[in-house]
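Hi everyone, thanks for letting me take a few minutes today. Please have a look at the model on the screen, and then we'll walk through it together.

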Amino acid sequence: MATAPVEKKVSAATLGSLTAAVAITVLNATVGDTALLGSAPPWLQDLATLIVPPLITFLSGYNARHTPRLGSTSLPE
């Protein structure tokens with residue numbers, strides 16, 4: 001994996017995804033219907049809904065090419 005620094009947009013997207021994941025996990029646990037992921041135990045469902053979406057968001061944003069803004073003088077990476 002590259003050693004480049006993480007851009008702020010990637011961190012922000014990951015935080016947004018984590019917020020959504022927490023909301024889904026709390027909603028799933030509150031409703032009392034823990035059948036979101038079928039026969040998986042409730043603790044594993046909570047873990048999966050909290051970790052998987054932010055992880056996918058972070059990895060996708062980190063590996064995506066940087067798109068320079070219009071008028072920017074920097075070269076694409």
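I'll talk about a pair of rings and then about a surface patch.

First, some ground rules: this is a predicted model, where local features need pLDDT of at least 70 and side-chain atom pairs count only at pLDDT 80 or more, while totals for chains, interfaces and linings use all residues. Residues are numbered from 1 along each chain as its sequence is written, and side-chain values use heavy atoms, leaving out hydrogens and water.

Let's start with the rings. Rings of Phe, Tyr and Trp (its six-membered ring) pair if their centres lie within 6.5 Å; planes under 30 degrees apart are stacked, over 60 edge-to-face, and the rest tilted. That rule gives one aromatic pair. Phe-58 and Tyr-62 make up this stacked pair, at 5.7 Å centre to centre with 20° between the planes. Both sit in helix α2 (residues 42–63), four residues apart, about one turn of the helix.

Are these two buried or exposed? Buried means under 20% relative accessible area, exposed over 50%, and partly exposed in between, using a 1.4 Å probe and protein chains only. Phe-58 counts as partly exposed because its relative accessibility is 25%, and Tyr-62 counts as buried because its value is 17%.

Now, Leu-59. This residue is also found in helix α2, and it is partly exposed, with a relative accessible area of 33%.

That's my tour, so thanks for listening!

Technical notes
Helix = DSSP H or I, 4+ residues; strand = E, 2+ residues; numbered from the N terminus.
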